[in-house]
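I opened the model to look up a few cysteine pairs, some aromatic rings and one valine. My entries follow in the order I made them.

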Amino acid sequence: MKSVAVVLAVLLASQCLAVRPPPRRTVRAGSLSFSQSFKPSKVDLDLCKFCIDFSQQAIQQLLNIILQVGVVGTCADLCQALADKTGSQALGVACNLLCDIEGVKEFVNLIEKADLDPIYYCELLKQCTIKDDGDAKITSLGVNPMSGPQGTFIIDVEYESKNGTGTGELVVDIDTVDGIPLGQGFITEAQEAGKYGQKISLKAEPNPDCDPTQGPCESFQPGNYGVRVAICNGECGSKHPHSKVYDQGMTNFTITG
């Protein structure tokens, strides 16, 4: 299976990642980016991430195909329809490789059962670790700088796990001065017991590409901004099995005039 992951990674790199949609909880103005420090994960090094990347791009399209066409005969038929709909042959190849694991009937059943939850879907496909006794406790949460003009602010999260974690999500939400929702979720693969650090970079300045006709654009006015961080097993807020909030924390920073 590791060899499959390597093949898929090469196939997806040229096409899929170039058109990869933003994570759930998209940011309409400014941007959040994610980097990991401290101890890296040694569990599910390739397969889980590949599966979630694929499902984030394809699960909605696959559901639409199933609803429009009904039950298809083979994995090849379903995945060719996906490739045609998305214009990505790489997604079609990736679909075939995952579909062949369970067969087309079970593959379709799991898509419908997952209900647009990419983590749960990949757990059902047995590509991501399930760990219901996992834990994580936030030990430090801060923003650097704590006060400053518009620009880049680094949200620094440190946490510790005594039992290890399951496949999950780290969600950052910003309480803005003007009340425009701003936040993003980042997938975290299963991790062994240990201490971890994550740094989230927030570009706190107006996005010149934001189209106000498509929704509100955050202007990052001077004032106090609250920061809420949640570390979850599974998708934060999901009602599916193997999902819960490990821990939550709050901090703030100030944008000066």
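Entry 1, a cysteine pair. I looked up burial first: C79 is buried, and C95 is buried too. I note that this is a predicted model. The two cysteines are joined by a disulfide, with S to S at 2.0 Å. I read the torsion about the S-S bond of C79 and C95 as about -65°, so I entered this disulfide as left-handed. The pair links distant parts of the chain, since C79 sits in helix α3 and C95 in helix α4, 16 residues apart.

Entry 2, another cysteine pair. I found a disulfide between C75 and C99, again listed with S to S at 2.0 Å. Its S-S torsion is about -75°, so I marked the disulfide of C75 and C99 as left-handed. C75 belongs to helix α3 (residues 75-86) and C99 to helix α4 (residues 89-102), so this pair ties together parts that are 24 residues apart in sequence. I then checked how open each end is. C75 has a relative accessible area of 9% and is therefore buried. C99 comes out at 0% relative accessibility, so C99 counts as buried.

Entry 3, C232 and C236. I looked up the S to S distance of this disulfide and got 2.0 Å. Which hand does the disulfide of C232 and C236 have, left or right? The torsion about the S-S bond is about 105°, so I wrote down right-handed. C232 is buried at a relative accessible area of 1%. C236 has 12% relative accessibility; the cut-off for buried is under 20%, so C236 counts as buried.

Entry 4, the disulfide tally. I counted through the structure and it holds 6 disulfides. I numbered the bonded cysteines of the chain in sequence order and wrote the pairing as 1-8, 2-7, 3-6, 4-5, 9-10, 11-12.

Entry 5, aromatic rings. My search of the whole structure returned 6 aromatic pairs. I took up the pair of F153 and F253, whose centres are 4.6 Å apart and whose planes make an angle of 35°. Why is this pair called tilted? Planes under 30 degrees apart would count as stacked and over 60 as edge-to-face, so the rest, including an angle of 35°, count as tilted. F153 lies in strand β4 (residues 151-161) and F253 in strand β9 (residues 244-255), so the pair ties together parts that are 100 residues apart in sequence. I found both F153 and F253 buried. I also noted that F153 and F253 belong to one aromatic cluster with F220 and Y225.

Entry 6, V229. Where does V229 sit? I located V229 in strand β8, which covers residues 223-233. Is V229 buried or exposed? V229 has a relative accessible area of 2%, so I entered it as buried. I listed the contacts of V229, leaving aside its neighbours within four places in sequence. They are I138, L141, I155, V157, L170, V171, V172, D247, Q248 and G249. Last, I took the C-alpha distance from V229 to T251: the two atoms are separated by 8.6 Å, and the residues are 22 apart along the chain.

Definitions and conventions: Residues are numbered from 1 along each chain as its sequence is written. This is a predicted model: local features need pLDDT of at least 70, side-chain atom pairs count only at pLDDT 80 or more; totals for chains, interfaces and linings use all residues. Side-chain values use heavy atoms; hydrogens and water are left out. Helices (H or I, at least four residues) and strands (E, at least two) are DSSP runs, numbered from the N terminus. Buried means under 20% relative accessible area, exposed over 50%, partly exposed in between (1.4 Å probe, protein chains only). Contact means heavy atoms within 4.5 Å. Rings of Phe, Tyr and Trp (its six-membered ring) pair if their centres lie within 6.5 Å; planes under 30 degrees apart count as stacked, over 60 as edge-to-face and the rest as tilted. A disulfide is a pair of cysteine sulfur atoms within 2.5 Å.
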